Amino acid sequence: MSSKERFADKMEFPPEIEQPNVYPLSWHRKTEKLQEVWEASLREYWKPEELPWDTLDLDSYTWEERECIAYWWTLLSVFDASAPPVFAEALIKTYEVHEEDPVRKCFFSVTSDEQNHEIMCGLSITKLLDHPDPLTYEPKTDIGRRLQKNAKWLYFNGARYWNGYKTAVPKYDLAVLFSSFLMGEIAAATIFKQMYENSREPVFKEAFKNIGRDEGRHMAICMAVMERDYPGISEEHKAIVTKQIRAGYLFLSAVLYEPPADFWDLPSDFIANQREAEEIARNAGFGIPTVEAKRENWRQAIINLKGVLDHYNIPFPAIPEVGITGEEISDVEMDDIIPVF
Ligand SMILES: [Fe+2]
Ligand SMILES: [Fe+2]
């Protein structure tokens with residue numbers, strides 16, 4: 001007989017399947033809210049390629065302005081280009097743990113939305129630089145050269161985070177993963193709304209409106225799953241959530257505020273170069289909030305999140321950088337990081 005054990009001639013029904021197994025053969029539907037979000041995602045689907053690109057007159061921008069705006073899209077893509085694989089990994093997990101059907105569909109929609117955001121970053125960068133890769137592009141101005149160095153360092157840090165994420169996902173329960181996702185989604189919804197309001201180029205405005213709407217749906221998904229799962233959350237999981245929120249703050253600050261030096265491994269001129277670029281982009285009508293406005297937004301997003309977690313008696317971490325007191329969390333490592341954007 002072959003080494004493969006045969007069952008069908010020994011028993012009437014097959015043996016139990018070992019879990020977690022990759023796929024459920026069931027379509028339970030408990031959380032109606034998630035079905036609504038899934039349907040909204042289909043209705044609100046958009047195509048970055050079909051935005052009014054013909055209205056973008058690149059010759060009305062200087063090369064400094066083009067490189068500075070492209071830098072912001074590059075910064076965003078350090079987060080958004082990692083989001084499709086990040087959510088694809090989470091999507092697989094929803095199948096492995098046999099999540100109900102609308103949860104699986106919602107994660108599929110987030111993966112697809114995030115790929116759209118990444119496509120949008122790519123189209124913007126390619127048009128602005130006339131080159132499809134910000135790391136191999138030959139900068140034309142002094143600020144462009146300094147920003148390319150920034151971009152290389154951001155990319156290096158982002159790459160470290162991917163390994164952390166891959167080891168973190170199997171370790172954590174979906175309930176814990178959702179708290180990290182929520183942090184990213186609250187913050188994303190806030191920043192894109194502002195970028196929409198403050199940008200004057202129609203194609204970017206339209207993109208920010210669409211991305212902001214997508215992020216709002218992602219936030220609704222996280223909230224619905226938390227409402228379902230958090231009333232019974234264990235003390236052990238609560239402690240992990242608290243730590244994740246602190247990790248999320250450190251990670252996402254790079255795009256929503258400024259990268260904290262104790263976590264982001266960046267050269268000392270990084271922040272000065274970035275501030276200079278943001279000023280140039282802002283003056284060219286590209287709506288990046290000022291440092292003060294970013295700080296205030298970020299604080300507001302964190303306060304909203306705190307409101308959600310307080311509701312479930314989950315201790316909140318101290319975030320003194322934006323004036324929020326709470327539990328002191330000091331041992332945050334790259335391996336702990338699971339927030340996404
Ligand atoms: Fe996104
Ligand atoms: Fe998102």
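This is a short walk through some helices, one helix crossing and a few loop residues of a predicted model.

Let's start with helix H5, which runs over residues 142-171 and so has 30 residues. From its first C-alpha to its last, H5 reaches 45 Å, close to the 44 Å expected at 1.5 Å a residue. Several of its residues are buried, and they mix side-chain kinds: among them are Gly144, Arg146, Leu147, Gln148, Asn150 and Ala151. Further along the helix, Leu154, Tyr161, Tyr165 and Ala168 are buried as well. What covers these buried residues? The cover includes helix H2 (63-80), helix H3 (83-96), helix H8 (235-256) and helix H9 (270-283).

Two of those covering helices, H2 and H9, also pack against each other, and this pair deserves a look of its own. Their axes lie 8 Å apart, at an angle of about 110°. An angle of 65 to 115 degrees counts as roughly perpendicular, and H2 and H9 are therefore roughly perpendicular to each other. The crossing is left-handed. On the H2 side, Glu64, Glu65, Cys68, Ile69, Tyr71 and Trp72 take part, and they meet Ala277, Ile280 and Ala281 in H9. By class, this contact has seven nonpolar residues, two charged ones and no polar ones.

Now turn to helix H4, residues 101-129. Because 29 residues at 1.5 Å a residue should span 42 Å, the distance of 42 Å between its end C-alpha atoms agrees with expectation.

The loops on either side of H4 each offer a backbone detail to check. In the loop between H3 and H4 you will find His98, whose phi is near 55°, a positive value in a residue other than glycine. His98 is partly exposed, because 17 other C-beta atoms lie within 10 Å. H4 is followed by Asp130, placed in the loop between H4 and H5. The phi of Asp130 is near 60°, again positive in a residue other than glycine. With 12 C-beta neighbours inside 10 Å, Asp130 counts as exposed, since the cut-off for exposed is 12 or fewer.

Finally, follow the chain past helix H10 (291-311) to Ala318, in the segment after that helix. Ala318 has 15 other C-beta atoms within 10 Å and is therefore partly exposed. Leaving aside neighbours within four places in sequence, Ala318 is in contact with Ile324, Thr325, Gly326, Glu327, Glu328 and Ile329. Ala318 and Arg246 are 72 residues apart in sequence, and their C-alpha atoms are 7.6 Å apart in space.

How values were computed:
Residues are numbered from 1 along each chain as its sequence is written. Chains are lettered from A and ligands numbered from 1 in the order in which they are written. This is a predicted model: local features need pLDDT of at least 70, side-chain atom pairs count only at pLDDT 80 or more; totals for chains, interfaces and linings use all residues. Helices (H or I, at least four residues) and strands (E, at least two) are DSSP runs, numbered from the N terminus. The expected span of a helix is 1.5 Å times one less than its number of residues. A residue is buried if 20 or more other C-beta atoms lie within 10 Å of its own, exposed if 12 or fewer, and partly exposed in between; C-beta atoms are placed from the backbone. Two residues are in contact if their C-beta atoms, placed from the backbone, lie within 7 Å. Axes are lines fitted to C-alpha atoms, for helices over the stretch in contact, and angles run from 0 to 180 degrees between N-to-C directions. Angles under 35 degrees count as roughly parallel, over 145 as roughly antiparallel, 65 to 115 as roughly perpendicular and the rest as oblique. A crossing is left-handed if the near helix is turned anticlockwise from the far one by less than a right angle, and right-handed if clockwise. Ala, Val, Leu, Ile, Met, Phe, Trp, Tyr, Cys and Pro count as nonpolar, Asp, Glu, Lys and Arg as charged, and the others, Gly among them, as polar.
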